[in-house]
Amino acid sequence: MKYGLAPEQIVGWQGVSLRVPPDWSVTGFQGDAKEGYLRIDSPGSLVAEVRWAQARKKVDVRKRLDNYLNLVERQAKKRKVPFTGRIKPSEDWKDALEFNYRADRKVRGFIRQCPQCRRVVIAQVSGDRDDAVVNVANQLLDTLQDHSEDGWWTWALLGLVVRLPERFALVKSQVMSGYLMLQFRHRYTEVCVERWGLADVTLKRWTLEEWALQATEWKRFRAQHTLSEVDGHPAVQLKGFRRAPTVWLRRKVERWVLRRPEGIVGVVWHCEPGNRIYSVRVERGTEELLQQVVQSVQCH
């Protein structure tokens, strides 16, 4: 591939995904499915950015792009940096307008509105004067997808890659050194996916079984467990209920009145090649959903 790029790492957030080289890192993500932003930095000065906003109707993408570039130009003038830019119909990206501009950085990107998901996407790659911005942008932005073709969204960042049905909305996320948690909800069903780093250090003190039962959220549940495997990795399968006494009445109502699945099912496993511990927990959902989510995790 040109310029030594190997866009093999997938990055996904809120239904938007693209592939970047393995040494690039997600450094910014915010918003939701309707409006959001994603930033991926290279080890050097190259940066890929994606902005999206959902619109109910077809929008004038030229007007949107003019507004965006006018904003960039005003910011450049405040810094007393010369600004030059160009817009033209794209030959590289379908139904898109491509833009190139130069201020304190070189930038190449495109804007388009997907006729299927109605998202208006502005995607770009920027770099310093000596960077091969055009070629890198052509390779990376060609991989960008603004919606899923099969109804499952890929969530991929910071070493965690997992797929969930697009009906599940992200309700909570937590990023700490060596730890990442994403929590999703659809109606009454919740899915929580966690990833811990430095598993070799953790498992010097605990067995995987002890870790699952005493150091994770499962310590709050009344749980039963069995030892098993996930994709050849040692795993602990768990089933249980929350300990809070008020949950007893809610369980009965959900089971007998609302006819909802009750309880919590989950799996905690150790991926030795990746030196990580993973957990998937489904509350008021099905075993089938748990297995689908677990099988979608790319742990190494």
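Which residue in β9 is the bridge partner of Arg51? The answer is Ile122. This is a predicted model, and that pairing is a good place to enter it.

Arg51 belongs to strand β5, which spans residues 47–54. Most of this strand is covered, with six of its eight residues buried. Strand β5 has a neighbour on either hand. With strand β9, residues 119–127, β5 pairs in the antiparallel sense over eight bridges. Glu49 also finds its bridge partner in β9, and that partner is Gln124. The other neighbour is strand β4, residues 35–41. Seven bridges join β4 to β5, and the two run antiparallel. Here Leu38 has Val50 of β5 as its bridge partner. A hairpin of five residues leads from β4 to β5.

Now step back to the sheet. Seven strands make up an open sheet in the order β3-β4-β5-β9-β8-β7-β6, and the pairing is antiparallel. Strands β3 (25–31) and β6 (84–89) stand at the edges. Each has a single partner strand, so one side of each is left without a neighbour in the sheet. Neighbouring strands of this sheet are turned by 15° against each other on average, direction ignored.

Two helices lie across these strands. Helix α1, residues 61–78, lies across β5, β6, β7, β8 and β9. Helix α1 runs at about 15° to β7. Helix α2, residues 133–141, lies across β7, β8 and β9. Its angle to β8 is about 30°.

Further along the chain comes another sheet. Seven strands form this open sheet, in the order β12-β13-β14-β18-β17-β16-β15, with antiparallel pairing. The edges belong to β12 (169–176) and β15 (221–230). Each of these has a single partner strand, so one side of each lacks a neighbour in the sheet. The twist averages 15° from one strand to the next. Within the sheet, β13 (residues 179–186) and β14 (residues 189–196) pair in the antiparallel sense over eight bridges. Tyr179 stands opposite Trp196 in β14. Helix α6, residues 287–296, packs on this sheet and touches β14, β15, β16, β17 and β18. The direction of α6 makes about 20° with that of β17.

What fills the interior? In soluble globular proteins, nonpolar side chains tend to be buried together. The largest nonpolar core here has 52 residues. Ile40, Val191, Trp269 and Val280 touch the most other members. Helix α2 gives the most to this core, with five residues. Take Val191 as an example. Leaving aside neighbours within four places in sequence, Val191 is in contact with residues including Leu164, Phe168, Leu182, Phe184, Val280, Leu289 and Val293. Apart from the largest core lies another, of 18 residues, among them Val61, Leu65, Val81 and Phe83.

Charged side chains also pair up. A search of the whole structure finds 15 salt bridges. In one of them, the side chains of Glu98 and Arg108 meet at 3.2 Å, N to O. Glu98 lies in strand β7 and Arg108 in strand β8, so the pair ties together parts that are 10 residues apart in sequence. Glu98 is buried, with a relative accessible area of 2%. Arg108 is buried too, at 5%.

Another salt bridge joins Arg112 and Asp146, at 3.8 Å, N to O. This pair links distant parts of the chain, 34 residues apart. Arg112 is in strand β8, and Asp146 is in the loop between α2 and β10. Arg112 is buried at 15% relative accessible area, and Asp146 is buried at 5%.

Arg284 forms a salt bridge with Glu283, their closest N and O atoms being 3.4 Å apart. Arg284 is buried, with a relative accessible area of 12%, and Glu283 is buried at 8%. Salt bridges that share partners join Lys88, Asp92, Glu98 and Arg108 into one network.

How many disulfides does a search of the whole structure find? It finds zero. Cys114 shows why one pair fails: the closest cysteine sulfur, in Cys117, is 3.6 Å from its own, too far for a bond. Cys114 is buried, with a relative accessible area of 7%. Cys271 is buried as well, at 0%.

Technical notes. Residues numbered from 1 in each chain as written. Predicted model: local features only at pLDDT ≥ 70, side-chain atom pairs only at ≥ 80, totals over all residues. Heavy atoms only, no water. Buried < 20%, exposed > 50% of the residue type's maximum accessible area, 1.4 Å probe, protein only. Helix = DSSP H or I, 4+ residues; strand = E, 2+ residues; numbered from the N terminus. Pairing = 2+ DSSP bridges. Axes fitted to C-alpha atoms, helices over the stretch in contact; angles between N-to-C directions. Contact = heavy atoms within 4.5 Å. Disulfide = S-S within 2.5 Å. Core = buried A, V, L, I, M, F, W, Y, C linked by side-chain atoms within 4.5 Å. Salt bridge = Lys/Arg side-chain N within 4 Å of Asp/Glu carboxyl O.
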